[in-house]
Amino acid sequence: MEKIQLTQFAALSILFGIMVISELVAKSTGGKVPGAFTISVLLLAGYWTILPTDLMETAGLTPTLFSMVVSMLVTHLGTLIGRQQMISH
């Protein structure tokens, strides 16, 4: 099967759609099926079938951007935990 060519907007839309599906699966199963697992399975199945292998690059997700986002997420997660809870752990 021939791989499709995507614009940057289409690639981002596909990635966001996969994230939404993974969140819906995680919420409907009560967290028994993690969102990261669902994203991995959907991307793997997509790469094997219809999605181009350069989906992340087409969407504009470069390693530099990825490392910046991870840094912000870690900082955000740190602000969600209260001081007393952090001390108790």
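How much of residues 33–51 is helix, how much is strand, and how far apart are the end C-alpha atoms? Over that stretch the chain is 74% helix and 0% strand, with 23 Å between the end C-alpha atoms. Keep in mind that this is a predicted model.

**The overall picture**

Let's zoom out to the whole chain. There are five helices and zero strands, and reading along the sequence gives you α-α-α-α-α. The radius of gyration comes out at 16 Å, well over the 12 Å that the globule rule gives for 89 residues, so the chain is more spread out than a compact globule. Taken along the principal axes, the box filled by the C-alpha atoms is roughly 55 × 35 × 15 Å.

Burial fits into this picture too: 15% of the 89 residues count as buried. The chain exposes about 7000 Å², and carbon and sulfur atoms supply 71% of that area. As for contacts with a separation of 6 or more, 62% of them are between residues 24 or more positions apart. On the charge side, the chain has 4 positive and 4 negative charges, and their mean positions lie 21 Å apart.

**What the record says**

The unreviewed UniProt entry lists residues 6–26, 33–51 and 63–82 under "transmembrane region". The opening question dealt with one of these, residues 33–51. For residues 6–26, the model gives 90% helix and 0% strand, and the end C-alpha atoms are 28 Å apart.

**Four buried residues**

Now for some individual positions. Here are four residues with their relative accessible areas.

| Residue | Relative accessible area |
|---|---|
| Serine 22 | 1% |
| Threonine 38 | 9% |
| Alanine 11 | 0% |
| Leucine 55 | 0% |

Why does threonine 38 count as buried? The cut-off for buried is under 20% relative accessible area, and threonine 38 has 9%, so it qualifies.

**Serine 22 and threonine 38**

Serine 22 belongs to helix H1, which covers residues 8–28, while threonine 38 sits in helix H2, residues 35–48. Setting aside neighbours within four places in sequence, serine 22 is in contact with Gly35, Thr38 and Ile39. Look from the other side, again skipping residues up to four places away, and threonine 38 touches Ser22, Val25 and Val33. That makes the pair a handy spot for seeing a contact between H1 and H2.

**Alanine 11 and leucine 55**

The other pair brings in helix H3. Alanine 11 is found in helix H1, and leucine 55 is in helix H3, residues 55–59. Which residues does leucine 55 contact, leaving aside its neighbours within four places in sequence? The answer is Leu6, Ala11, Ile14, Leu15, Leu43 and Tyr47. With the same neighbours left out, alanine 11 is in contact with Leu6, Leu55, Thr58 and Ala59. So Leu6 turns up among the contacts of leucine 55 and also among those of alanine 11.

Two distances add some scale here. The C-alpha atoms of alanine 11 and leucine 51 are separated by 9.3 Å, with their positions 40 residues apart along the chain. Leucine 55 and serine 28 are 27 residues apart along the chain, and their C-alpha atoms are separated by 27 Å.

How values were computed
Residues are numbered from 1 along each chain as its sequence is written. This is a predicted model: local features need pLDDT of at least 70, side-chain atom pairs count only at pLDDT 80 or more; totals for chains, interfaces and linings use all residues. Side-chain values use heavy atoms; hydrogens and water are left out. Helices (H or I, at least four residues) and strands (E, at least two) are DSSP runs, numbered from the N terminus. The radius of gyration is taken over C-alpha atoms; the globule rule is 2.2 Å times the number of residues to the power 0.38. Buried means under 20% relative accessible area, exposed over 50%, partly exposed in between (1.4 Å probe, protein chains only). Contact means heavy atoms within 4.5 Å. Accessible areas come from the Shrake-Rupley method with a 1.4 Å probe; for residues, only the protein chains shown count as cover. Lys and Arg count as positive and Asp and Glu as negative; His and the chain ends are not counted. The place of a charge is taken as NZ of Lys, CZ of Arg, CG of Asp or CD of Glu. UniProt positions are given in the numbering used here, feature names are shortened, and annotations may be inferred rather than shown by experiment.
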